[in-house]
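Have the model open in your viewer and the sequence panel beside it. We will go from selection to selection, with a short word on what to look for at each stop.

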Amino acid sequence: MKLYQHCLSAIPLAVAGYAAAGGSVAAGFMAGFSSVLMDLDHVADYVIHNRGWGGVEDFFKSCEEGRLTKLYLVMHGFEWLILLWLLIGTGAAAPWGVGLAIGMSGHMLLDWLGNRHIVKPSFYWFWFRAQHNFDGNALYRVPPGMAVEAVRENRV
C-alpha cells in the first residue's frame, strides 16, 4: 500500500485502539503510530538492496514496483501479530500493547489485501520469506527487473 493510504487508515485504527483499551490515549496513539511506522523496515531493505540511499522518489518507486532483491521486512510478519494477540488474551499486555496489536493488525491486513498483485499469497509470514532466503525472485509474483516492465505494461 501507499504511504498516504496507511496515514489515512491510522485515524480509524487510532480510534479503535482508544476504544478497545477503555479510553486509553496511549493505546490510541500507539495504534495510529504503529500502523504507519511499521513500514520503516522497508527503508532497511531498500538501503541493503542499493547499498545506500538513492533518495525518496527512488525509494518509493523501488518498493511500489517490486524491485528489491532481498525482502527481510522484519516487522511484517503474521507471527508477531499472533504473539501480540496471545499476550493480550492472557492479560499480559498494557493498554499501549493493545494499541500496538490493533495498529499492526490493521496495517498487515491492508498490505495483505492491497499488495496481492505484487507478492505471493504467503508473503506476510516471516517464516515463508525466511524459507525462500528473503529472495525477491521467489517472493514477488514477477521477479525484480521484470516487474518494472510488467507494471508499465499493466500485466500485474
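Before we start, a word on naming: helices here are DSSP runs of H or I with at least four residues, numbered from the N terminus. Please keep in mind that this is a predicted model.

**Stop 1: the loop after α4.** Select L73, which sits in the loop between α4 and α5 (78-89). Although L73 is not a glycine, its phi is positive, at about 40°. Is this residue buried or exposed? L73 has a relative accessible area of 2%, so it counts as buried, the cut-off being under 20%.

**Stop 2: another positive phi.** Now move to R51, in the loop between α3 (40-50) and α4 (56-64). R51 is not a glycine either, and its phi is positive at about 55°. With 79% relative accessibility, R51 counts as exposed, because the threshold for that is over 50%.

**Stop 3: along α1.** Select residues 3-20, which form helix α1. α1 has 18 residues and spans 25 Å from its first C-alpha to its last, close to the 26 Å expected at 1.5 Å a residue. Zoom in on A10, where α1 has a kink of about 30°; the proline P12 comes shortly after. Then colour H6, S9, A10, L13, A14 and G17, which are buried residues of α1. Show α2 (25-37) and α6 as well, since both are among what covers those buried residues. Just past the helix, pick G22: α1 is followed by this glycine, whose phi is positive, near 70°.

**Stop 4: α1 against α6.** Keep α1 on screen and add α6, residues 95-114. How far apart are the axes of the two helices? They lie 9 Å apart, and the helices pack at an angle of about 145°. The crossing of α1 and α6 is right-handed. To see the contact itself, show side chains for H6, S9, L13, A16, G17 and A20 of α1, together with V98, I102, G103, G106, H107, L110 and D111 of α6. By class, this contact has six nonpolar, six polar and one charged residues.

**Stop 5: a tryptophan in α5.** Finish at W85, in helix α5. W85 is partly exposed, at 37% relative accessibility. Leaving out residues up to four places away in sequence, W85 touches A101, I102 and S105. For a last distance, pick the C-alpha atoms of W85 and V74: these residues are 11 apart along the chain, and the atoms are separated by 18 Å.

Technical notes
Residues are numbered from 1 along each chain as its sequence is written. This is a predicted model: local features need pLDDT of at least 70, side-chain atom pairs count only at pLDDT 80 or more; totals for chains, interfaces and linings use all residues. Side-chain values use heavy atoms; hydrogens and water are left out. Axes are lines fitted to C-alpha atoms, for helices over the stretch in contact, and angles run from 0 to 180 degrees between N-to-C directions. A crossing is left-handed if the near helix is turned anticlockwise from the far one by less than a right angle, and right-handed if clockwise. Contact means heavy atoms within 4.5 Å. Ala, Val, Leu, Ile, Met, Phe, Trp, Tyr, Cys and Pro count as nonpolar, Asp, Glu, Lys and Arg as charged, and the others, Gly among them, as polar. Buried means under 20% relative accessible area, exposed over 50%, partly exposed in between (1.4 Å probe, protein chains only). The expected span of a helix is 1.5 Å times one less than its number of residues. The bend at a residue is the angle between axes fitted to the seven residues ending there and the seven starting there.
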